[in-house]
Amino acid sequence: MKYNFDEIVDRRGTGCVKWDEMPNGSVIPLWVADMDFKAAPAIQAALRKRMEHGIFGYTIVEEPYYGSIISWFQRRHQWTIRREEILYTTGVVPAMSVAIKALTMPGEKVLILSPDYNCFFSSIRNNGCEVSESILQFSSSDNRFEVDWQDFESKCADEKTTVFLLCNPHNPTGRVWTKEELERMNTICMKYGVKVVSDEIHCELIMPGHRFQPFAAVSEACRQNSVILNSPSKSFNIAGLQIANIICSQPEWRRRLDRAININEVCDVNPFGPVALMAAYNESEDWLDELNAYLWDNYTVLCDFVAKNLPQWKMTPLEGTYLPWVDITATGLSSQEYADHLLQNAKVWVNPGTMYGPQSGEGYIRLNIACTKALLLEALNRIASCK
C-alpha cells in the first residue's frame with residue numbers, strides 16, 4: 001500500500017474527544033466515530049500552506065470549492081449536482097437541525113429507521129418535533145437489517161409525519177441501502193407528502209460487494225423530494241475542521257434552508273474547512289480507496305477473532321461505515337451493563353446499543369474499527385480475557 005495505516009499516532013493530550021474524554025489513560029477507545037489515522041498527505045499539505053499565510057480571518061467560500069464537490073460526486077457516484085443546489089455549513093448535525101427547522105413545524109413528527117444515529121433523536125426534539133420510529137428487522141435469510149415496509153408506510157400515513165430523516169449508509173447497523181430500497185422509501189413518502197432528509201456523511205466508507213447510492217440520484221422524483229446532507233469529515237478524518245454541505249434542488253426549500261442556516265448561526269465556516277474539502281475531493285481519492293481496503297481487513301480480523309474467541313458475540317454484516325454492530329444478547333447482560341463491564345474490566349470503551357434507540361438498540365453494542373490493526377487486536381484480546 002502507498003499509505004501507512006499501521007502508523008501509531010499518540011493522540012492523548014491533544015484535547016481529543018476520543019482519547020482524552022476518559023481520564024484513565026489505560027482505556028482503549030472504540031466508541032466515537034473518529035479515526036486514528038492521519039489525514040491524507042494532500043490534505044495536510046494544503047492545510048500547512050494555508051496556515052503559513054498566518055492570517056485566519058473571516059472566510060469567503062469561493063467557486064473552486066463548489067466545483068470540487070460537483071466533480072467528486074459526478075465521477076465517483078454518477079450524481080449530477082448543480083452549483084445553486086449547494087449550501088455550506090459547519091457540520092452534518094447542524095445541517096440536520098437546519099433541515100428540520102426549515103421543513104417542519106413544532107409538534108410535527110419526524111420518522112426515522114431505528115436503531116439510528118443518536119443525534120437524530122436530539123435534533124428532532126430540540127426543534128420541537130416528535131420522534132417517530134420504524135424499527136428495522138433483522139432478516140436471518142438475507143443476513144441483514146431490513147425495513148419493515150408495512151410499519152414504515154403506516155408511520156408515513158400519520159398526518160403528523162412531515163419528514164423522513166434517513167441515514168444512508170445506516171449508522172449503526174452498517175446497511176448500505178440499495179437503489180430499489182431507496183426508491184421504495186421515496187414512493188411511500190411521496191404518497192403521503194413526506195419530505196426526505198438524507199444524512200449521507202458515511203457515503204465514502206463502503207465495503208467490498210456494495211455500492212453507495214445517493215438518494216437524490218435514484219430518480220428525478222427522489223431528487224425533487226429530498227434534502228441531502230454530506231461532508232468529507234468522516235471519510236477523510238477531518239471532522240474537527242467543521243465543513244459540510246446541504247444539497248437541495250427545490251428553490252423554495254433551499255430558501256427556507258438558507259434562512260434556517262442563518263437563524264441557527266451556522267452560516268460561517270473557518271478558513272481551513274474549505275481548503276481541506278478541496279484537497280480531499282481533488283487529490284485524495286487513492287488514499288480513500290486504500291483506507292476502505294484497510295477497514296475491510298480490520299473487519300475481517302474482527303470477525304475471525306470473534307469466531308474463535310468470543311462465542312457470545314454475533315457479528316452483523318458490515319456493508320458500510322467503520323462501525324460494526326454486534327449482537328451481545330447471549331451474554332445475558334443488557335447493552336449498558338455489558339458496555340460498563342468492558343470498560344471496567346477490559347478497559348475497552350464501546351457504545352451501548354441503547355444509545356441508538358432504547359428498545360431497538362437493546363442487546364447490541366457498536367464498535368469503532370478505524371484504528372491500527374495492532375490496537376484493534378489489543379482491545380479484542382482484553383475483551384476475550386475478561387469474558
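## Largest pocket

Three helices, namely helix 2 (41-53), helix 4 (92-103) and helix 9 (233-236), each contribute at least two residues to the lining of the largest pocket. Helices (H or I, at least four residues) and strands (E, at least two) are DSSP runs, numbered from the N terminus. The model is predicted: local features need pLDDT of at least 70 and side-chain atom pairs count only at pLDDT 80 or more, whereas totals for chains, interfaces and linings use all residues. Residues are numbered from 1 along each chain as its sequence is written, and side-chain values use heavy atoms, with hydrogens and water left out.

The volume of the largest pocket is about 1,200 Å³. Among the 47 residues of its lining, Ala33, Asp34, Ile238, Ala239 and Gly240 are the closest to the pocket centre. A pocket is an open set of points on a 1 Å grid over the protein atoms alone, with protein on both sides within 12 Å along at least five of seven lines; a cavity is a set of points where a 1.4 Å probe fits but cannot get out, and lining residues have an atom within 4 Å of a point. Grid points are joined across faces, edges and corners, and a volume is the space filled by probe spheres set on the points. By class, the lining of the largest pocket comprises 24 nonpolar, 14 polar and nine charged residues (nonpolar: Ala, Val, Leu, Ile, Met, Phe, Trp, Tyr, Cys and Pro; charged: Asp, Glu, Lys and Arg; polar: the others, Gly among them).

## Enclosed cavities

Searching the whole structure yields three cavities of 30 Å³ or more. The second largest cavity has a volume of about 60 Å³. Its lining consists of Trp79, Thr80, Glu85, Ala216, Arg223, Ser226, Ile228, Ile247, Cys248 and Ser249, which divide into five nonpolar, three polar and two charged residues. Strand 9 and strand 10 each supply at least two residues of this lining.

## Helix 10

Helix 10 (residues 251-263) contains 13 residues, and the distance from its first C-alpha to its last is 18 Å, close to the expected 18 Å at 1.5 Å a residue. The expected span is 1.5 Å times one less than the number of residues. Trp253, Arg254, Leu257, Ala260 and Ile261 of helix 10 are buried (buried: under 20% relative accessible area; exposed: over 50%; partly exposed: in between; 1.4 Å probe, protein chains only). Viewed down the axis of helix 10, these buried residues fall within an arc of 120°, so they line one face of the helix; the arc is that of the directions from the helix axis to the C-beta atoms. On the other side of helix 10, Pro251 and Arg259 are exposed.

The buried residues of helix 10 pack against strand 2 (86-89), helix 4, strand 8 (195-199), helix 8 (220-224), strand 9 (226-230) and strand 10 (244-248), where contact means heavy atoms within 4.5 Å. Just after helix 10, glutamate 265 adopts a positive phi of about 60°.

## Helix 7

The 13 residues of helix 7 (residues 179-191) should span 18 Å at 1.5 Å a residue, and the end C-alpha atoms are indeed 18 Å apart. Buried residues in helix 7 are Glu181, Leu182, Met185, Asn186, Ile188 and Cys189. Down the axis of helix 7 they fall within an arc of 165°, so they line one face of the helix. Glu180, Thr187 and Lys191, on the other side of helix 7, are exposed.

The cover over the buried residues of helix 7 includes strand 3 (109-114), strand 6 (144-146), helix 6 (149-157), strand 7 (161-167), strand 8 and helix 8. Glycine 193, just after helix 7, takes a positive phi of about 70°.

## Selected buried residues

Serine 123 lies in helix 5 (residues 118-126) and counts as buried at 3% relative accessibility. Leaving aside residues up to four places away in sequence, serine 123 touches Val93, Met96, Ser97 and Ile100. Isoleucine 81 is located in the loop between helix 3 (63-77) and strand 2 and is buried at 4% relative accessibility. With residues up to four places away in sequence again not counted, isoleucine 81 touches Ile69, Ile70, Phe73, Ile86 and Ile247.

Lysine 109, in strand 3, is buried with a relative accessible area of 18%. Lysine 109 and glutamate 130 are 21 residues apart in sequence, and their C-alpha atoms are 4.6 Å apart in space. Not counting residues up to four places away in sequence, lysine 109 touches Glu130, Ser132, Asp158, Lys160, Thr161, Thr162 and Val163.
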